[in-house]
Amino acid sequence: MKLLLTLLLYVSASLTTWADIYHNPKIITVNPGESIHDAVRKAREWRRTNNPQCAAYGIEIHLKAGRYYMQEPLFLRPEDSGWEKSFLTIRSEEGAVICGDPRQQHTQVWPKEGMERMIDFDTTTRTITIPAPPKKILSTLNVKHSTLEMVVHQRWAIAILRVKDIRVDNGLAVVSFMEPESRLEFEHPWPQPVIGGEKGNSSFLLRTTEQRDGIEQLIINDGASYVILEGLTFENTCWNRPLHKGHVTLQGGFPLIDAYKLKEHEGLPWDGGLENQAWIERPVSAVTVRNASHVYVRECRFQHLGATALDFQDNTDQCMVINNQFEDIGGTAIMAGSFAESPREVHRPYGDLADRCKNLWISDNVIHDAANEDWGAVAISCGYVSHTDISHNQVSHVNYSGICIGWGWTPYYTGMEHNRIFGNKVSDYARQLYDAGGIYTLSNQPHSSINDNEVSQPYPAPYATNDRGFCIYLDARTDGFTIENNKTSVVGGSASNTRLIRRDEIGDNNPGPNLIFKQ
């Protein structure tokens, strides 16, 4: 009954909002070749001068069909804010595309398809030993004058390492790497390549990458509340970081900027064996929202994007992501909440972050083919959040986990609470990486729930070094969830041939005492 009431209130509020907003707004029409930046500036001046029609009914920037190339991001600022009955709406007719540059292209050098198992990972010499590529391949590799990269499989993450040198001897190739990624890769203990795993050693591939910087960001909303993005297509962005720094991650696609292993006095009060220290930065996103409330992204299309598609980064409240489509996304499709980015070290129970991303609705979105550049990214990723609903989304074709919520690896109360994951369909996930879940959780989140989801069995990832893939994965210190009425497809069955997920099929990693399992 409580769930039904919440849903009815949610639908009612949404319908009322859209009806009120679209009553005779002040319209600015933008044609292809004209500037969206100029349109936003005009709207801002109308706000500044208290235009009476704007005050009563809001402003709509209407994009006519065509392509709008962004040489720099469109910035929305606090001065662009509307209010409850006077939103700023940027919407389009069918065929309006806000775009940047097509992302960088890769050419896999060896092996020609798939990956190859590595032989050794040496943290002392900071080298990786692999089988020597064929002479024909070696003769084409000019390391000093190329953009040769090694992509390394690391269970729940990848590393992209720029190759510094390859030494071949007796059928083996010893590969060294450039900085800063070499230091980060070999000093940080988790994740690293696995040698002698249950299913064999970690894998790698060698590739070259088109060496150019391109447009990474399309819209940055930094402080503009009561804003709607509707019916827009966001297309073509690059991901420049690996070209200059490589890409060594902690988890979920978050790049390490400093990391090392504790050599003395390792451990934390809740985990005596924790030995890794890590500082991260946030992946770049095509559309970013921060320091704003009542921002609604509705019926938009995100496609061919190099890194994160849509990010509710920090200090957001009462925002909605409804009925959008995401396809061919290099990183995470939808990201929200703090992940304790630098200057904070991530393995701490921060109590002030969850309140900075609350009352977020992520509903009725279709996400297909995400995390195809950074395999360790996911479809929907929420860190320190509270009162967040993730409902009725369709997620498919993802290289790691599908829907993730929580951060901190902690049993302590941090303000993450009242988070709900319900009515979603997740399939074809964990295609490359394991230690994954169709639905994946971290840390203590009181009064939270996972119910009425349909999650397929994990994909049989071809290069995984273990079998830790689950429909639902309660990872480190997960607590506070009620788990009920979740289903999985029967192996070999049709989409309608499902059964309830048993408790012994749910992955556990030191869960807390306050989990309730009802099915």
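In this predicted model, T388 is buried, its relative accessible area being 0%, a value that falls under the 20% limit below which a residue is called buried. The residue belongs to strand β30, which covers residues 386–391. When the neighbours within four places in sequence are left aside, T388 is found in contact with C357, L360, C382, H418, N419 and R420.

A second buried residue is L141, for which the relative accessible area is 17%. Unlike T388, which is part of strand β30, L141 is placed in a loop, namely the one that runs between α4 (135–138) and β11 (148–153). Apart from residues within four places of it in sequence, L141 makes contact with V109, L148 and I166. With regard to L184, the separation from L141 is 43 residues along the sequence, while the distance in space, taken from C-alpha to C-alpha, is 25 Å.

Attention may next be turned to the backbone, beginning with two peptide bonds that precede proline. The bond that leads from W190 to P191 is cis, and its omega angle is near -5 degrees; P191 itself is located in the loop between α5 (181–187) and β14 (203–209). A cis peptide bond is also present from S342 to P343, in this case with omega near 20 degrees, and P343 is situated in the loop that connects β26 (334–336) with β27 (357–363).

Positive phi angles are a further backbone feature. E299, a residue other than glycine, has a phi value near 55 degrees, and its position is in the loop between β22 (295–298) and β23 (301–305). Because its relative accessibility is 38%, E299 is counted as partly exposed, a class that lies between the 20% limit for buried and the 50% limit for exposed residues. D428 likewise is not a glycine and yet has a positive phi, of about 55 degrees. The loop that holds D428 runs between β34 (425–427) and β35 (436–441), and with a relative accessible area of 23% this residue, too, is partly exposed.

The description can be completed with the spaces found in the model. The second largest pocket has a volume of about 450 Å³, and among the 23 residues that line this pocket, those closest to its centre are W190, W409, D475, A476 and N509. W190 therefore appears in two parts of this account, since it stands at the start of the cis bond to P191 and is also one of the lining residues closest to the centre of the second largest pocket, where lining residues are those with an atom within 4 Å of a point of the pocket. By character, the lining of the second largest pocket consists of 10 nonpolar, seven polar and six charged residues.

As for enclosed spaces, five cavities of 30 Å³ or more are counted. The largest cavity contains about 90 Å³ of space, and its lining is made up of 13 residues, of which Q251, G252, S381, C404 and W407 are the closest to its centre. Nine of the residues in the lining of the largest cavity are nonpolar and four are polar, whereas none is charged. The lining of the second largest pocket, by contrast, includes six charged residues.

Definitions and conventions. Residues are numbered from 1 along each chain as its sequence is written. This is a predicted model: local features need pLDDT of at least 70, side-chain atom pairs count only at pLDDT 80 or more; totals for chains, interfaces and linings use all residues. Side-chain values use heavy atoms; hydrogens and water are left out. On a 1 Å grid over the protein atoms alone, a cavity is a set of points where a 1.4 Å probe fits but cannot get out, and a pocket is an open set with protein on both sides within 12 Å along at least five of seven lines; lining residues have an atom within 4 Å of a point. Grid points are joined across faces, edges and corners, and a volume is the space filled by probe spheres set on the points. Ala, Val, Leu, Ile, Met, Phe, Trp, Tyr, Cys and Pro count as nonpolar, Asp, Glu, Lys and Arg as charged, and the others, Gly among them, as polar. Helices (H or I, at least four residues) and strands (E, at least two) are DSSP runs, numbered from the N terminus. Buried means under 20% relative accessible area, exposed over 50%, partly exposed in between (1.4 Å probe, protein chains only). Contact means heavy atoms within 4.5 Å.
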